[in-house]
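Trainee: I would like to learn how to read the features of a protein model with a nucleic acid strand. Please take them one at a time.

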Amino acid sequence: MPSISLPDGSRREYPAPVTVAEVAADIGAGLAKAALAGRVDGRLVDTSYPIAGDAALEIVTARDSEGVEVIRHSCAHLLAQAVKELFPGAQVTIGPVIEDGFYYDFAFDRAFTPEDLQAIEDRMRELAQADLQVQRREMPRDEAVALFRGMGEEYKAEIIAAIPAAEAISLYSQGDFVDLCRGPHVPSTGKIPAFKLTKVAGAYWRGDARNAMLQRIYGTAWPNRKELDAYLHRQAEAEKRDHRRLGRRLDLFHIQEEAPGMVFWHPRGWMLYTEIERYMRDRQRAHGYREIRTPQLVDFSLWQRSGHADKFGADMFSLQMDERAFAIKPMNCPCHVQVYNQGLRSYRDLPLRLAEFGSCHRNEPSGSLHGLMRVRGFTQDDAHIFCTEAQIQEEVARFIDFLHGVYADFGFDEVIYRLSTRPEQRVGSDEIWDRAEQALAEALNHQGLEWELLPGEGAFYGPKIEFSLKDVLGRVWQLGTIQVDFSMPERLGAQYVAADDSRQVPVMLHRAVLGSFERFIGILIEHYEGAFPAWLAPVQAVVLNITDRQADYAKSVTETLQNKGFRVENDLRNEKIGFKIREHTLLKTPYLLIVGDRETETQSVAIRTREGEDLGSLSLDRFVDLLGDSVRERGRGTKTTSAE
RNA sequence: GCCGGAAUAGCUCAGCUCGGUAGAGCAGCGCAUUCGUAAUGCGUUGGUCGGAGGUUCGAAUCCUCUUUCCGGCACCA
């Protein structure tokens, strides 16, 4: 006698057990058609799920995010079914839902071609059209292992064999296709309305590089054609923001074959870079850091003592000169300890904050290089705080405040916090790790921040907090970090004299706000789509004359603004004003100052923003104020000077 | 590093399937035009087709190796 309560608070009584689909039909024909799954007492189930007793029920449709996930998950199965029909030799493995879509990994003796992909997608459409019933059944584990082994599905059998023997396995079938799955799934293949296969790529079995390479097919699926199109449009928009493309178009930097993973900065890009560096230097000083500079090339033995050689020796650029081995520094920390070690330190010197815009090189795997985002030569806004254990929490808290201010100045306000704890390969005792992990967790809690735990993701010498932010497209980028290190100071002999005259080993906090300048600039380019706020724009304003008659006035305007410290250029070419406006708009210069006879006479400038807004004619003094304000507000500003 | 794809003028791309020593638009350069808010017109320069081998009478095109890039995977001190 199930009594079923619904989200609107109403209640329905049934004389006998009913399925989710039956309740949906009872409520209305429209809902019955839209039902993709159910949520019974909080648990997601199929629409065929029978409810025997009293329960709370929600009908899940494509309007719910879970409903969309069910569609994507079922679409992964549809993909697997199509592949098995077209390529019986392929073995199925796993097919999870991911953001905006799904993928399915197949073991196959060759790679799928783009033509295969098209054929598979066509077949999926036919199968969806056929509206095959999706059926769920359960089976004891060992029976399921035997079933899949019998079908030649070794990978699937291996997955099932890893499930505890006592658990019943749920299988889903549609047509002749059967797959192991937890579910739930849509009731029939016709409920997968809009999908597209997007790419094919290799992926390791169980995500481990020692295992076989599988063929992964990616796809996206949506409740309707319109949402699918909107998604594809978003993808195309994201592509327009690609920093590699904008980097070339805006003449910021380039990378070439002779120096893979290293950046050639052009004047405009370097202006942006040095502006950011100047800002960071200023902020750092204000937060009690002292800047230093340490060597690029250091005897290999230092890296052996620091422990880097053990774990990363193969990924360091090293060379042999005059029977001595050197390495180009991959990190700054061991060098910073050398600076710390000069002279005898007192507890009164702590905390000692040493900062360096440290140029580092790492031989990153060739396949991981990606524009400015992953390079082999980069510069960190690095610093090491030498302090006592008792000072850790306060230092971490101060750092978090510092970092929040910097991110806000760059126009980012959504920060994501993650705490990574001890990895398998590490230095230092468990007791030390306990203390370090706890100190970081407490600092986060003390600041009232919500954070996520990443077990095993810490650095080899200590746990870390990672600070990520969301850009304008909602993509998450990891930038800042603070790491507690109880090991390296000891390994490298750092000491201080405590109040009781004893010799103690300081704790070292590794920290960075932006991470690498290269990567951060890549993120900024994409976040702003190259339309940098005035304080960062390589050229803040450009003066355009209408005819040669105003050339002298245009030059004097340019000079006046340059003398006020602004980055201003002029464009005196004999071109139509519309042409010049178009060019400088495409170069995303914040302010276009147009001078014709009228402006020359009144000693003013007609201002047009890169957004196409006409600010009218202003006296030069008033424009100086306008630009000055625009620069001062940095990335916290309004629409005129930021992305959108 | 692994799987797959790509590399042709400064940029974006065509030519490659079916081998006969390269073509467009934009940019650049020259000339005319002096024109008030997103492309003025005409003319013109420019490439040993990523590199090295091979097949062939002949290779941008076919084969092998290699470098780099792109999309994933793995890695990321």
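Mentor: What follows is a series of features, each with the general idea and then the case here. This is a predicted model, in which local features need pLDDT of at least 70 and side-chain atom pairs count only at pLDDT 80 or more, while totals for chains, interfaces and linings use all residues. Residues are numbered from 1 along each chain as its sequence is written, chains are lettered from A and ligands numbered from 1 in the order in which they are written, and side-chain values use heavy atoms, with hydrogens and water left out.

Trainee: Which residues of helix α1 are buried?

Mentor: Two terms come first. Helices (H or I, at least four residues) and strands (E, at least two) are DSSP runs, numbered from the N terminus. Buried means under 20% relative accessible area, exposed over 50%, and partly exposed in between, with a 1.4 Å probe and protein chains only. In α1, residues 20-27, the buried ones are Val20, Val23 and Ala24. Down the axis of α1 these buried residues fall within an arc of 100°, so they line one face of the helix. The arc is taken from the directions from the helix axis to the C-beta atoms. An α-helix has 3.6 residues a turn, so residues three or four places apart point the same way.

Trainee: How many residues surround RNA strand B, and which are the closest?

Mentor: A residue is near a strand if one of its heavy atoms lies within 4 Å of it. Here 56 residues surround RNA strand B, and the closest are Tyr204, Met331, Ser366, Asn574 and Arg582. Of the strand's atoms within 4 Å of the protein, 50% belong to sugar or phosphate and the rest to bases.

Trainee: What is the make-up of that surface by residue class?

Mentor: The classes are fixed lists: Ala, Val, Leu, Ile, Met, Phe, Trp, Tyr, Cys and Pro count as nonpolar, Asp, Glu, Lys and Arg as charged, and the others, Gly among them, as polar. The surface near RNA strand B divides into 22 nonpolar, 15 polar and 19 charged residues.

Trainee: Which atoms of RNA strand B lie at short distances from Asp548, Arg608 and Gly202?

Mentor: A polar contact is a pair of N or O atoms within 3.5 Å; within protein, one must be able to donate a hydrogen and the other to accept it, and residues adjacent in sequence count only if both atoms are side-chain atoms. For Asp548, a polar side-chain atom lies 2.8 Å from a base nitrogen of the strand. A side-chain N or O atom of Arg608 is 2.8 Å from a sugar or linking oxygen. Elements giving two or more residues to this surface include β14 (194-204), α18 (577-586) and β34 (604-609). The largest share, seven residues, comes from α18. For Gly202, a polar backbone atom is 3.2 Å from a sugar or linking oxygen of the strand.

Trainee: How many aromatic pairs are there in the whole structure?

Mentor: Rings of Phe, Tyr and Trp (its six-membered ring) pair if their centres lie within 6.5 Å; planes under 30 degrees apart count as stacked, over 60 as edge-to-face and the rest as tilted. The search finds 27 aromatic pairs. Phe108 and Phe112 are stacked, at 5.0 Å centre to centre with 15° between the planes. Phe112 counts as buried, at 5% relative accessibility. The rings of Phe460 and Tyr461 are 5.2 Å apart at their centres with planes at 70°, so this pair is edge-to-face. Both Phe460 and Tyr461 are buried. Ring pairs also link Phe253, Trp265, Trp270, Tyr273, Phe357 and Phe517 into a cluster.

Trainee: Where does the charged end of Lys199 sit?

Mentor: A charge sits over a ring if NZ of Lys or CZ of Arg is within 6 Å of the ring centre and within 35 degrees of the ring normal. The charged end of Lys199 sits over the ring of Tyr218, 5.4 Å from its centre. Arg345 lies over the face of Tyr340, 5.3 Å from the ring centre.

Trainee: What should I look for in the backbone?

Mentor: Most residues other than glycine have a negative phi, and most peptide bonds are trans. The bond from Gly183 to Pro184 is cis, with omega near -10°, and Pro184 lies in the loop between β13 (177-180) and β14. The bond from Leu350 to Pro351 is also cis, with omega near 0°. Glu323 is not a glycine, yet has a positive phi of about 65°; at 78% relative accessibility, Glu323 counts as exposed.
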